[in-house]
Every structure is written in structure tokens, then in C-alpha cells.
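Thanks for passing this one along. Here are my notes, as numbered points, to read with the structure open beside you.

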Amino acid sequence: IPIVSLNADAETIAEEAVSIARADWDNFETSWDFSDHPLLRPELKAATLEASWQNWEEQCVSAIRQMQRLETENNRLFIAAYGLEDELQPEVPEEQITLARADQRNDIAAFLSYATGCMMGRYSLDQTGLILADSCESQAAHLAAFEEKVGRPLGQVQFKPDADAIIPVLDGEWFEDDIVARTREFLEVTFPESTVTENLRFIEDLLGKDIRKYFCTDFYKDHLQTYKKRPIYWMVQSPKKGFACLIYLHRYTKDTLNQVLNNYFRPYLQKLEARLTQLGLDQLNDGLPTRERTAARKEAEKIAKVLKECQAWEQDALLPLAQQRIALDLDDGVKVNYLKLQDVLAPIPGLAAKED
């Protein structure tokens with residue numbers, strides 16, 4: 001085997017290149033060594049989310065150029081060692097550098113994923129790395145484990161995890177602690193020097209839609225893509241999406257579906273019924289403009305359909321599964337556990353197929 005002896009420069013280049021590549025990989029939460037979100041690190045975090053992203057973009061460009069320089073120098077050393085100067089060129093085109101590029105839409109989606117992780121207690125602004133990623137018998141035990149891991153009581157953390165790890169994802173402000181409300185709170189905590197409105201505008205501009213619509217239509221698709229159809233946050237969802245909420249696999253207990261049913265689903269139906277009653281009165285109110293009465297009629301028709309769908313879903317799927325108090329074993333993996341609750345979860349195409 002024609003191996004030649006190289007000087008120490010080759011080893012130094014290799015070590016530096018590996019270090020850059022490892023740091024790049026660890027910027028994303030699918031890495032085992034993911035610690036925190038890049039946009040919130042002291043060296044990148046600015047007064048606004050937009051300025052933080054611009055710092056991230058500059059870091060990505062710098063890393064790519066450094067890797068390009070290292071790979072070119074590495075090629076030059078080997079070409080010289082084997083006497084291939086007349087046959088090969090050392091230069092490496094930038095497009096062949098495989099490090100991550102800053103991408104506004106994807107980076108903001110990843111930021112919202114991290115924010116959701118903080119809501120669930122998977123991550124924390126007060127401690128790096130995974131916080132809650134094991135099963136417990138109760139939410140009280142989960143929260144006690146959270147306090148132990150971050151080293152401080154819940155009352156002293158910057159951003160509190162959700163008490164039951166159930167976060168409503170609905171098309172309106174039906175709950176004070178839904179996914180949009182908690183996202184606004186997360187922005188208040190992480191970027192106190194700027195307004196939530198300013199940072200939300202940046203997020204929505206990049207997503208190309210209202211943030212509530214993103215969570216209702218795109219968030220779970222992005223999550224499934226990131227985790228290769230093995231999600232860690234699960235969408236409890238009626239077939240026509242009249243009701244939806246997120247739960248966290250690692251904080252699931254046998255009582256989670258009962259909590260969804262009694263603390264969110266049934267109160268949601270009560271809110272819908274109250275709204276339907278008000279809309280009925282609005283339609284009969286001759287003092288309202290015709291346009292408003294027409295809008296009330298259309299909204300009432302929409303709510304009536306949602307109520308009909310959700311009531312059938314409760315009887316056919318949610319209530320029976322909640323009564324079974326199904327236990328999950330994290331060692332069985334996402335696929336096995338997801339299929340146990342699939343009647344009340346957003347469908348994942350191909351999940352039930354046999355693997356090679």
C-alpha cells in the first residue's frame with residue numbers, strides 16, 4: 001500500500017477539520033451532543049431574533065470558508081507527497097463543503113422546535129443538554145426530576161416547563177397556555193431587550209404565514225421530517241383536525257390521555273358550545289349589520305361541524321383509549337409505542353409498514 005509519511009501539518013489539519021464538523025453537527029437537536037440552540041448562545045445572541053440569526057449566518061459562512069481552506073491545504077499536502085501536481089488540483093469548490101448553511105426558514109423552524117422542547121421540559125434555558133428524557137410514573141415526578149437536573153426550583157427558572165406536557169394547538173385563542181401563548185412567553189424571556197411583536201414579525205416573515213397557522217399546519221410535518229418519522233412530540237388530533245394538542249413521549253404517563261380528555265378536550269367543547277350560543281344570538285340581533293350577522297352564521301356552521309366531529313371522535317377513540325390507561329415502554333422505541341395510540345394521533349404515512 002503506497003503510504004507516505006506526512007509532516008505534522010496533516011494531523012493538525014485533520015484535527016481542526018473534525019472539530020469544525022463535530023461542532024457543526026452538534027448545532028442541531030438530532031445530535032446526541034446537542035446542548036442548546038445556536039441563536040441563544042452568548043457569542044451569537046443579540047437584542048433581537050433577527051440580529052441573532054444574522055450572527056449565525058456570519059458564523060456559518062466563516063466555518064465554511066475555514067473548512068474550505070483546510071480541505072484545500074490537505075489536498076495540497078497529499079498531492080505534493082505523491083507527486084501528483086500535474087494531475088490534480090488542490091482547490092475545493094465551496095459547494096462541496098458539507099457544513100450547514102444558514103437557512104432562514106429552516107433555522108426559524110428549528111428555533112420553534114427548541115422552544116417547544118423547553119415548554120415540554122426536554123430542554124431548559126437554565127441548563128444545557130437533555131433535561132427530561134426518561135419515563136416517570138407521574139408529572140409531579142417529572143417536574144421533580146427537572147428541578148434536580150437544572151439545579152434550582154421551578155419558581156427560579158427562566159422559562160417554566162408545562163405542568164402536564166400537554167400543549168393545545170388550535171386555530172384560535174381557546175386556552176391561555178396554548179402553543180402560541182407559550183411561544184410569545186418564550187420570546188419575552190429570551191429577547192427581553194426587544195418586543196415580542198418585532199420578533200414575531202421576523203418569524204412570520206420567514207415562515208410565510210401567521211405563527212398560529214404554522215403550528216396548526218406545518219409544525220408537525222417539520223417535526224416528522226427532522227426525526228425521520230420517529231417523533232418525540234406527538235400530536236393528539238381528531239381526524240378532521242377539529243382538536244389538536246401536543247404531548248411529549250418522554251413525559252407520557254398512563255393518565256396523559258385522561259388529562260387531555262378532561263382538562264383540554266371537554267373544556268374546549270364547552271367553549272365551542274358557548275361560542276355557538278353567542279353566535280346564534282348574534283344572527284337574531286337586528287341591531288347588527290348584515291355583514292356581521294352573515295359572518296356569525298358562517299362561523300356557527302364551522303363550529304357545528306367541529307363539534308359533531310369531536311363528539312364522535314371522543315366516543316369512538318379518545319374516551320376508550322383514555323379508559324384503558326395504556327402504558328408505554330420507551331425501550332420499545334417510537335414506532336411500537338406510537339401504534340399503541342395511533343387511533344388518537346396524527347397519522348404518519350408508512351409507519352405501520354414492516355421494516356427490512
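1. Let me begin with a backbone detail. Arginine 325 sits in the loop that runs between α10 (290-324) and α11 (333-340). Please keep in mind throughout that this is a predicted model. Arginine 325 is not a glycine, yet its phi is positive, about 50 degrees. Most residues other than glycine have a negative phi, so this loop deserves a look on your screen. Arginine 325 counts as partly exposed because its relative accessibility is 37%.

2. Lysine 241 is another non-glycine residue with a positive phi, in this case about 65 degrees. Where does lysine 241 lie? It is found in the loop between β2 (233-237) and β3. That loop belongs to a hairpin with 6 residues between the strands. With a relative accessibility of 54%, lysine 241 counts as exposed.

3. Next, the strands of that hairpin. β2 and β3 pair in the antiparallel sense, over 5 bridges. Tyrosine 233, for example, has tyrosine 248 of β3 as its bridge partner. β2 is largely enclosed by the rest of the structure, because 5 of its 5 residues are buried. Tyr233, Met235 and Gln237 point one way from the strand, while Trp234 and Val236 point the other way, and all are buried.

4. Cysteine 245 is a good place to pause in strand β3 (residues 244-248). Is cysteine 245 buried or exposed? Its relative accessibility is 0%, so it counts as buried. Leaving aside residues up to four places away in sequence, cysteine 245 touches Trp234, Met235 and Val236, and also Ile166, Ile167, Pro168, Val169 and Val260. The C-alpha atoms of cysteine 245 and alanine 165 are 9.9 Å apart, although 80 residues separate the two along the chain.

5. On to the aromatic residues. The whole structure holds 18 aromatic pairs. One of them joins phenylalanine 175 and tyrosine 264 in a tilted arrangement, with 5.6 Å from centre to centre and 50 degrees between the planes. This pair links distant parts of the chain, 89 residues apart: phenylalanine 175 is in the loop between β1 (166-168) and α5 (179-190), and tyrosine 264 is in helix α9 (residues 256-284). Both phenylalanine 175 and tyrosine 264 are buried.

6. A further tilted pair is formed by phenylalanine 243 and tyrosine 268, with 5.7 Å from centre to centre and 45 degrees between the planes. Phenylalanine 243 comes from the loop between β2 and β3 and tyrosine 268 from helix α9, so the pair ties together parts that are 25 residues apart in sequence. Phenylalanine 243 and tyrosine 268 are buried. Elsewhere in the list of aromatics, Phe34, Phe111, Tyr114, Tyr123, Phe159, Phe186 and Phe191 form one cluster.

7. Finally, the largest pocket, which encloses about 1,200 Å³ of space. Its lining has 41 residues, and Phe28, Glu29, Thr30, Thr226 and Tyr227 are those nearest the centre. Which helix gives the most to this lining? That is α3, with 7 residues. α3 (104-120), α8 (219-226) and α11 each supply at least two lining residues. By residue type, the lining divides into 21 nonpolar, 11 polar and 9 charged.

Key: Residues numbered from 1 in each chain as written. Predicted model: local features only at pLDDT ≥ 70, side-chain atom pairs only at ≥ 80, totals over all residues. Heavy atoms only, no water. Helix = DSSP H or I, 4+ residues; strand = E, 2+ residues; numbered from the N terminus. Buried < 20%, exposed > 50% of the residue type's maximum accessible area, 1.4 Å probe, protein only. Contact = heavy atoms within 4.5 Å. 1 Å grid on protein atoms, 1.4 Å probe; cavity = no way out; pocket = protein on both sides within 12 Å on 5 of 7 lines; lining within 4 Å. Points joined across faces, edges and corners; volume = space filled by probe spheres on them. Nonpolar A, V, L, I, M, F, W, Y, C, P; charged D, E, K, R; others polar. Pairing = 2+ DSSP bridges. Phe/Tyr/Trp six-rings, centres within 6.5 Å; stacked < 30°, edge-to-face > 60°.
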